[in-house]
Amino acid sequence: MKLMALQLLLWHSVLWTVQEATPLGPASNLPQSFLFKCLEQVRKIQADGVVLQEKLCATHNLCHPEELVLLGHSLGISQAPLSSCSSQALQLTGCLRQLHSGLFLYQGFLQALAGISPKLAPTLDMLHLDITDLATNIWQQMEDLGVAPAVQATQGTLPIFTSAFQRRAGGVLVAANLQSFLELAYRVLRYLAEP
């Protein structure tokens, strides 16, 4: 009798572990129209980011963000985390919150870059508007699902640039970090949109 109970308990624990380890599949409660719109917005923001990187490279010869990483740390330019969005441990609510928070972080970074150059102003403005639109769509979806926090996050400490070089280098780092963030976001959204 004890052996049967032990086998049943073991079988139940194995089944429970398998259920917990199973990544969130396409049945994620997110409407396909929302996912496809977000995918489209991410691609547009990525294209705008590439334009910003190309202009910074062409105008200021700042073409290699890896050479500026130490400066980025001292300026407080960080990478937004997406740990809740990994395919091994995808948590829909946490992932949506991290996507929104990350976009909010990059909105702030772009605000800090204002005045970098008259030639770059239209590109920065377009990036800022597109990121705001995507963040708003994600927030509205979180509200629709009933998982939006009671209060939206407030902007953290923004980098303070004391020279034109720091502002331009900050632009290169923000654009590079934004591209990495968006690539991960795109993969997650594409995974959720799979039938």
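Contacts in this predicted model lean heavily on residues that sit far apart along the chain: among contacts between residues at least 6 apart in sequence, 85% join residues at least 24 apart. Arg190 and Leu39 give one example of such a separation in sequence, being 151 residues apart along the chain but 7.1 Å apart in space, C-alpha to C-alpha. The secondary structure is simple to describe, with 6 helices and 0 strands in the protein chain, so that the pattern read along the sequence is just α-α-α-α-α-α. Of the 195 residues, 42% count as buried. The accessible surface comes to about 11,000 Å², and carbon and sulfur atoms account for 62% of that area.

Two helix pairs are worth going through in turn. For helix H2 (residues 32-60) and H6, the axes lie 9 Å apart and the packing angle is about 155 degrees. Because angles over 145 degrees count as roughly antiparallel, H2 and H6 fall into that class. The crossing of H2 and H6 is left-handed.

The second pair is H4 with helix H5 (residues 121-145), whose axes come within 9 Å and cross at roughly 155 degrees. H4 and H5 are therefore roughly antiparallel to each other as well, and H4 passes H5 in a left-handed crossing. On the H4 side, the contact is made by Leu96, Arg97, Leu99, His100, Leu103, Tyr106, Gln107, Leu110 and Gln111. H5 answers with Leu124, Leu127, His128, Ile131, Thr132, Leu134, Ala135, Ile138, Trp139, Met142 and Leu145. Both lists include leucines and a histidine, and the H5 list also holds Trp139 and Met142.

Some individual residues on these helices fill in the picture. Asp48 has its place in helix H2 and, despite its acidic side chain, is buried, with a relative accessible area of 13%. Once neighbours within four places in sequence are set aside, Asp48 is in contact with Thr123, Met126, Leu127 and Asp130. One of these partners, Leu127, also turns up among the H5 residues that make the contact with H4. Another acidic residue, Asp130, is likewise among the partners of Asp48.

Helix H6 (residues 164-193) holds two further residues of interest, Arg190 and Gln166. Their exposure classes part ways: Arg190 is partly exposed, with a relative accessible area of 41%, whereas Gln166, at 18% relative accessibility, counts as buried. That last value sits under the 20% cut-off for buried residues, which is why Gln166 is placed in that class. Neighbours within four places in sequence aside, Gln166 is in contact with Leu71, Leu75, Ile160 and Phe161. As for Arg190, the residue noted above as 7.1 Å from it, C-alpha to C-alpha, is Leu39.

The cysteines come next. By the distance rule applied here, the count comes to 2 disulfides, and with the bonded cysteines of the chain numbered in sequence order the pairing is 1-2, 3-4. Cys57 and Cys63 form one of them, with sulfur atoms 1.9 Å apart. The link of Cys57 and Cys63 is right-handed, with 90 degrees about the S-S bond. Both ends are partly exposed: the relative accessible area is 26% for Cys57 and 32% for Cys63.

In the other disulfide, Cys85 and Cys95 have their sulfur atoms 2.0 Å apart, and the link is right-handed, with 110 degrees about the S-S bond. Cys85 lies in the loop between helix H3 (69-75) and helix H4 (92-112), while Cys95 lies in helix H4, so the pair ties together parts that are 10 residues apart in sequence. Here both ends are buried, with relative accessible areas of 6% for Cys85 and 2% for Cys95. The burial splits the two links neatly, then: Cys57 is partly exposed, and so is Cys63, while Cys85 is buried, as is Cys95. A further cysteine, Cys38, is buried too, with a relative accessible area of 0%.

Note on methods:
Residues numbered from 1 in each chain as written. Predicted model: local features only at pLDDT ≥ 70, side-chain atom pairs only at ≥ 80, totals over all residues. Heavy atoms only, no water. Helix = DSSP H or I, 4+ residues; strand = E, 2+ residues; numbered from the N terminus. Buried < 20%, exposed > 50% of the residue type's maximum accessible area, 1.4 Å probe, protein only. Contact = heavy atoms within 4.5 Å. Disulfide = S-S within 2.5 Å. Areas by Shrake-Rupley, 256 points an atom, 1.4 Å probe, with all protein chains shown as cover. Axes fitted to C-alpha atoms, helices over the stretch in contact; angles between N-to-C directions. Parallel < 35°, antiparallel > 145°, perpendicular 65-115°, else oblique. Left-handed = near helix turned anticlockwise from the far one by under 90°.
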